[in-house]
Amino acid sequence: MRYISTRGQSAPQAFCDILLGGLAPDGGLYLPESYPQVTRAELDAWRQLSYADLAYEILAKFITDIPAADLKALVARTYTADVYRFTRNGGNAAEITPLTRLEDGLYTQELSNGPTLAFKDMAMQLLGNLFEYVLEQRGESINILGATSGDTGSAAEYAMRGKHNVKVFMLSPDGKMSAFQRAQMYSLQDPNIFNIAVRGMFDDAQDIVKAVSNDAAFKKQYKIGAVNSINWARVAAQIVYYFQGYFLATRSNDEQVAFTVPSGNFGNICAGHIARMMGLPIAKLVLATNENDVLDEFFKRGVYRPRTSKETSVTSSPSMDISKASNFERFVFDLVGRDPVVIRELWSKVDQGQAFDLSTTVYWKDKPKFAFVSGRSTHADRLATIRMAHEKYGVMLDTHTADGLKVALENRQPGVTMIVLETAQPAKFEETIREALATRPVRPAELEGIEALAQRVVVMDPDVAAIKQFVVDHL
Ligand SMILES: *Cc1c(COP(=O)(O)O)cnc(C)c1O
C-alpha cells in the first residue's frame with residue numbers, strides 16, 4: 001500500500017515513511033492510493049474476532065511495510081483490557097470500545113476508556129508503539145513538540161511516556177485548563193515528558209509551535225516532530241472501532257447502521273468515511289458540531305468558510321472549538337473524484353482564509369453518495385441533552401457526546417441502528433456537568449485525588465527563543 005498526497009505533487013510513500021511526518025511536502029494530506037475493499041467473507045470472519053485481532057486485520061491492509069508478526073504483536077500490546085480499563089455503564093473492557101444501550105436501536109459506543117478518558121487514546125496509544133518500533137528499526141529518535149488545550153496533549157503524553165527514542169515537549173496555556181486536565185498531564189514523572197505552561201492563551205502556545213516548525217534548520221538539527229490530528233496513522237487506527245461498533249450493534253452483516261460523530265478537526269469521522277468506503281454497511285454518517293459550525297455549514301450548503309480565531313467561540317465542548325477542520329481536505333479529495341488539481345485550487349483559497357462554494361458544481365451532486373448529514377448543538381442543547389439522557393436512560397454523558405446525541409436524535413431512520421460515538425467521559429468536564437445535573441460527574445476510582453499528586457511543569461513566557469533553548473537544554 002502506497003500513500004499519495006491530496007495535492008498530487010509529492011511522490012507516493014510507504015506507511016513507515018509518512019508515520020513520523022505531518023503534511024506531504026506539497027502541503028497536502030496523505031491518503032491510501034485506493035481504499036482496500038472488505039469482502040463479505042471477511043466481514044463474516046471478522047465478526048468473531050477480538051478487538052486486537054480485528055485491528056490487526058484492518059491495519060494490515062494499510063500497513064504493508066511492517067512484517068505481519070511484528071504488527072500483530074504491536075497491536076496486541078496496544079488494545080488490551082488493561083489499557084482501556086475505565087469502562088462505565090457495565091461495559092466489558094475486553095471489547096475495548098463497548099456499547100451502552102440507551103433504547104432499542106440507539107447506542108453510545110465508549111471510545112473514552114483509555115488512560116486520558118477521551119477518544120484520542122484509541123489512536124494515540126497505537127501511535128506510541130508504532131513510533132517506538134519504527135525509530136528502533138531505523139536507529140533514529142524524535143522530539144515531539146506540541147500545543148494543547150487539553151485532550152490531544154495528554155493523550156500524546158500517555159502514549160509516549162517511557163518510549164525509547166521519543167521525547168515530548170508539550171505547551172499548554174498556563175492556568176487555562178481544568179484542575180483535572182492539569183493533574184492528568186503535569187503529574188507524569190516520566191523523564192521523557194516535559195510540560196511547559198505558557199503564560200498566555202492556547203493560540204500563543206500554538207503560535208510558538210508554528211514558529212518552531214517554520215524554522216526548518218532547527219527542526220532538522222533537533223529532530224522536531226509532531227503528532228497532530230492530520231497524522232495518517234491516527235486516522236487509520238480509528239477505522240477499527242467503526243467495524244467493532246457495527247459488529248456489536250448488529251446480528252448479521254445484512255444490517256445497516258448509522259454513526260453520529262461529535263466533530264472538530266474531522267479526524268474521527270474521516271475514519272468512518274473510510275470504513276464506509278471499504279464496504280462496511282454504514283447507512284449514514286451524521287456529523288455533529290457545537291456552536292463552531294463550519295462543518296455543519298458545509299454539509300448543509302456546500303460552502304466551506306474557515307473562521308478566524310476571533311470568530312471561534314470558546315464553548316463547553318471545547319475539543320470541538322475549531323476554526324477550520326484540518327482533516328477535511330481528505331474527504332473533499334474523495335468528493336471531487338480524487339482530482340488533486342481541484343484540491344489545489346480550493347485550498348489556495350482556504351490557505352488564505354477564504355471560503356469555497358461547491359454547491360453550484362458537479363461535485364455537489366455526488367454528495368449523497370457519501371451519506372453524510374450534519375447538525376449543530378449549542379450550550380443550551382448540551383445541557384438539555386445531558387439532563388434528558390440522565391433522566392431517561394440513566395447515563396451521564398460528557399458535553400461532546402451530548403452534542404452528538406442531540407444531532408443523532410434529529411437524524412434517526414426507521415430500521416437503522418444509531419450509534420453515537422462517545423468521545424470523552426464526563427469526569428473531564430466537571431463544571432458543565434455540575435451546571436446540568438447539580439452533581440459531580442463520576443470518575444474512575446483510580447483517578448480520584450489526582451489533583452493532589454506532585455506536578456512536574458515549568459512556567460514560561462510565550463517567547464520562541466526561550467522555548468527553543470529549553471528544548472535544546474533537555475535533549
Ligand atoms: C478531539 C475531540 C473531538 C473532535 O474530534 P475530531 O477528530 O477533531 O473531529 C470530539 N470530542 C472530544 C472529546 C475530543 O477530544
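A residue is near a molecule if one of its heavy atoms lies within 4 Å of it. In this predicted model, 15 residues stand around the ligand, and Lys120, Asp151, Gly264, Asn265 and Asn268 come nearest. By class, this shell around the ligand divides into 5 nonpolar, 8 polar and 2 charged residues.

Some distances between polar atoms of the ligand and the protein are set out below.

| Ligand atom | Protein partner | Distance |
|---|---|---|
| oxygen | N or O atom in the side chain of Asp151 | 2.6 Å |
| oxygen | polar backbone atom of Asn265 | 2.7 Å |
| nitrogen | N or O atom in the side chain of Thr423 | 2.9 Å |

Of the 380 Å² of accessible area that the ligand has on its own, the protein covers 96%.

Asn268, one of the residues that come nearest to the ligand, also takes part in the contact of helix 11 with helix 10. Two packed helices are described by the angle between their axes and the distance between the axes. For helix 10 (residues 232-249) and helix 11 (residues 267-278), the angle is about 60 degrees and the axes lie 8 Å apart, while the crossing of the two helices is right-handed. On the side of helix 10, the residues in contact include Trp232, Val235, Tyr241 and Phe243, and these helix 10 residues face a group in helix 11 that includes Gly267, Ile269, Ala271 and Met278. The contact of helix 10 with helix 11 has 12 nonpolar and 4 polar residues, with no charged residues.

Notes:
Residues are numbered from 1 along each chain as its sequence is written. This is a predicted model: local features need pLDDT of at least 70, side-chain atom pairs count only at pLDDT 80 or more; totals for chains, interfaces and linings use all residues. Side-chain values use heavy atoms; hydrogens and water are left out. Axes are lines fitted to C-alpha atoms, for helices over the stretch in contact, and angles run from 0 to 180 degrees between N-to-C directions. Helices (H or I, at least four residues) and strands (E, at least two) are DSSP runs, numbered from the N terminus. A crossing is left-handed if the near helix is turned anticlockwise from the far one by less than a right angle, and right-handed if clockwise. Contact means heavy atoms within 4.5 Å. Ala, Val, Leu, Ile, Met, Phe, Trp, Tyr, Cys and Pro count as nonpolar, Asp, Glu, Lys and Arg as charged, and the others, Gly among them, as polar. A polar contact is a pair of N or O atoms within 3.5 Å; within protein, one must be able to donate a hydrogen and the other to accept it, and residues adjacent in sequence count only if both atoms are side-chain atoms. Accessible areas come from the Shrake-Rupley method with a 1.4 Å probe; for residues, only the protein chains shown count as cover.
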